[in-house]
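Thanks, everyone, for making the time this morning. I would like to walk through one chain with you, beginning with a single helix and working outwards from there.

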Amino acid sequence: MQKASTDNQAAAKDIKLLVLDIDGTIAGQSNTISEPVKQAILAAQARGIQVAIATGRMYRSALRFHQDIGSTLPLMAYQGAWIQDPITQKIHRHWVVSREIAHQLLDYFEQPELRSLLSVHFYINDQLYVRELTRETKIYAERSGIIAIPVGDLRQALTNEPTKILALSDDTDLIDKLLGNLRRQYTPAELYMTTSVATFFEATNASVNKGTAIRYLAEELLGLQLANVMAIGDNFNDVEMLEYAGLGVAMGNAPAGVQAIAKWVAPSVEEDGAAVAIEKFLL
């Protein structure tokens, strides 16, 4: 799939907005953007192409990547549930999960057979609340560069509605089962559920996904059309974004189901695949 069609090459001339995922796309094991990827992004910006970030990460955790690439656009965090302009501090969008559904999910996660197997994260007002600091949570917090706040009973944190709810387990089969079971309980009109990595189950407001986020950024804020958008991502939470973009690129490390919907598949994140894609289509 490394060969681009002439349609893609023709479309590349129309690209005015490049949207990038972070983890598995522009940041790999090192948790930083490599120099080749950074240089490719800067070269695209020098050609007048605006660059934005769309991530499942918290806003405060994604901010350093946004600054690293010198983006002047709003940052799309929490799968697009939270869209904020770091320059003006204006919050363009903040869509939350209802307290009722948050309580229901917590009841589900705290069933006796699941409770000890899952680390449950509630993201409220860009803070992370947890029942306790599990090993998985500590690793997550360190990589995210944030402090997790242990509260014992997570119901205490639900004085405000969460932006996102995450259940974390090293058992990827358990996460798959969780996703399947909860997709039978909640329709897409009630809750958006996805996995950003195989060990994360994530739930947000039903209207949230990276596709609706970049549509808002491109069409409402920048006056562009989908033909003007190129997006690069690596996991199932990127699917709607890759489907929306005129040119959707999946990383070589993406699951087969994600690669299948992309217009092109780049090398893996550890091979600086995002830089390869940018150079191929935009430079």
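Let me start with helix H8, residues 210–221, whose twelve residues reach 15 Å from the first C-alpha to the last, close to the 16 Å expected at 1.5 Å a residue. I should say at once that this is a predicted model, and that the values I quote are computed from it.

At the N-terminal end of H8 there is a cap, provided by asparagine 209, which places a side-chain oxygen 2.7 Å from the backbone nitrogen of glycine 211. After the helix comes glycine 223, with a positive phi near 70°. Which residues of H8 are buried? They are Lys210, Gly211, Ala213, Ile214, Tyr216, Leu217 and Ala218. For background, residues three or four places apart point the same way, because an α-helix has 3.6 residues a turn.

Lys210 leads us on to aspartate 238, since Lys210 is among the residues that aspartate 238 contacts, together with Asp21 and Gly233, once neighbours within four places in sequence are left aside. Aspartate 238 sits in the loop between strand S12 (229–233) and helix H9 (239–244). Is this aspartate buried or exposed? Its relative accessible area is 0%, and because the cut-off for buried is under 20%, aspartate 238 counts as buried.

Turning to the nonpolar interior, the largest core has 50 residues, of which Leu18, Met230, Ile232, Val249 and Leu282 touch the most other members. Helix H11, residues 273–282, gives the most to this core, namely six residues. If we take methionine 230 and do not count residues up to four places away in sequence, the residues it touches include Ile15, Leu17, Leu18 and Val19, as well as Leu247, Val249, Phe281 and Leu282. There is also a second, separate core of 27 residues, which includes Ala167, Leu178, Leu179 and Ala203.

Finally, the chain as a whole. It contains eleven helices and 14 strands. Its radius of gyration is 18 Å, close to the 19 Å that the globule rule gives for 283 residues, so the chain is as compact as a globular protein of that length. Along the principal axes, its C-alpha atoms fill a box of roughly 55 × 40 × 35 Å. Buried residues make up 55% of the 283, and among contacts between residues at least 6 apart in sequence, 59% join residues at least 24 apart. As for the surface, the chain exposes about 11800 Å², with carbon and sulfur atoms supplying 50% of that area.

Key
Residues numbered from 1 in each chain as written. Predicted model: local features only at pLDDT ≥ 70, side-chain atom pairs only at ≥ 80, totals over all residues. Heavy atoms only, no water. Helix = DSSP H or I, 4+ residues; strand = E, 2+ residues; numbered from the N terminus. Buried < 20%, exposed > 50% of the residue type's maximum accessible area, 1.4 Å probe, protein only. Contact = heavy atoms within 4.5 Å. Expected span 1.5 Å × (residues − 1). Polar contact = N/O pair within 3.5 Å; in protein donor to acceptor, adjacent residues only side chain to side chain. Core = buried A, V, L, I, M, F, W, Y, C linked by side-chain atoms within 4.5 Å. Rg over C-alpha atoms; globule rule 2.2 N^0.38 Å. Areas by Shrake-Rupley, 256 points an atom, 1.4 Å probe, with all protein chains shown as cover.
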